[in-house]
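I record below what I looked up in this structure, entry by entry. The pocket comes first, then the helices and a few single residues.

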Amino acid sequence: MIQAIYAGSFDPLTLGHLDIIKRGANLVDKLYIGVLLNETKNSYMFTVDERINHIKKVTKNIKNIEIITFNGLLLNFVLENNINFILKGVRNTTDFDLEMNMSMAIKMIDENVETLFIPTDKKYMCVSSSIVKQALKYNGDITNFVPKEIKKDIETKYNGGIKYGQI
Ligand code: PNS
């Protein structure tokens, strides 16, 4: 059984994340989605439960995924759960440098752990959680950045007072 994990903060989940989840799930028997827990209170726009609910809402038709949370080293979860590889989406050379470095650091700890990079779909090259927050801040339309099922929720939370830059 081939198992992989795709991890992130998902604050909020974007169409780019969802694309990697769908394509990753097609490659394996089981894909874990690892949601990074809040390390310091108030450092995220959404609580971990809200971020998990967003992922659940948009992945309900994907049968071979399981959402988990982790703190600190993703590697520990990988080693404890017979994960075959860590899946990373790569949008550009900045992502590549960062993820290459991370994969090397992981290999310094355990040389058997593999990282698989999937190039982003070209539609989502500029899409990131930070861009979503920036668009919200200046009343930009986030339709092309986030899944339609969670768009309203993201806008409502923002308009309800959780402002990026103030948290
Ligand atoms: O969505 P983000 O915030 O870019 O996600 C970052 C995440 C969780 C994917 C990144 O921080 C990560 O890969 N953390 C794993 C840390 C780890 O296991 N390091 C091992 C080598 S020291």
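**Entry 1. The largest pocket.** I took a pocket to be an open set of points on a 1 Å grid over the protein atoms alone, where a 1.4 Å probe fits and protein lies on both sides within 12 Å along at least five of seven lines; lining residues have an atom within 4 Å of a point. Grid points are joined across faces, edges and corners, and a volume is the space filled by probe spheres set on the points. On that basis I noted about 930 Å³ of space in the largest pocket. It is lined by 35 residues, and those closest to its centre are Ala7, Gly8, Ser9, Lys88 and Glu99. I then asked which element gives the most to this lining. Helix H4 does, with seven residues. Strand E1 (3-8), H1, helix H3 (74-80), strand E4 (85-90), H4 (93-109) and H5 each supply at least two lining residues. Helices (H or I, at least four residues) and strands (E, at least two) are DSSP runs, numbered from the N terminus.

**Entry 2. Basis of the values.** The model is predicted: local features need pLDDT of at least 70 and side-chain atom pairs count only at pLDDT 80 or more, while totals for chains, interfaces and linings use all residues. Residues are numbered from 1 along each chain as its sequence is written, and side-chain values use heavy atoms, with hydrogens and water left out.

**Entry 3. Helix H1.** I call a residue buried under 20% relative accessible area, exposed over 50%, and partly exposed in between (1.4 Å probe, protein chains only). Nine of the 11 residues of H1 (residues 15-25) are buried, so this helix is largely enclosed by the rest of the structure. Among them are Gly16, His17, Ile20 and Ile21. At the N-terminal end of H1, threonine 14 acts as a cap, with a side-chain oxygen 3.2 Å from the backbone nitrogen of glycine 16; a polar contact is a pair of N or O atoms within 3.5 Å, and within protein one must be able to donate a hydrogen and the other to accept it, residues adjacent in sequence counting only if both atoms are side-chain atoms.

**Entry 4. Two residues of H1.** Leucine 18 counts as buried at 7% relative accessibility. Contact means heavy atoms within 4.5 Å. Leaving aside neighbours within four places in sequence, leucine 18 touches Val58, Thr59 and Pro147. Its C-alpha atom is 8.4 Å from that of isoleucine 55, 37 residues away along the chain. Aspartate 19 is also buried, at 14%. With the same neighbours left aside, aspartate 19 is in contact with Asp121 and Tyr124.

**Entry 5. Helix H5.** I listed Ser129, Val132, Lys133, Ala135 and Leu136 as the buried residues of H5. Seen down the axis, they fall within an arc of 160°, so they line one face of the helix; the arc is that of the directions from the helix axis to the C-beta atoms. H1 and H6 are included in what covers them. Just after H5, asparagine 139 takes a positive phi of about 60°.

**Entry 6. Helix H6.** Which elements do the buried residues of H6 pack against? They pack against helix H2 (48-58) and helix H5 (129-137). The buried residues are Ile150, Ile154, Glu155, Lys157 and Tyr158. The face turned away from this buried side carries the exposed residues Lys148, Lys152 and Asn159.
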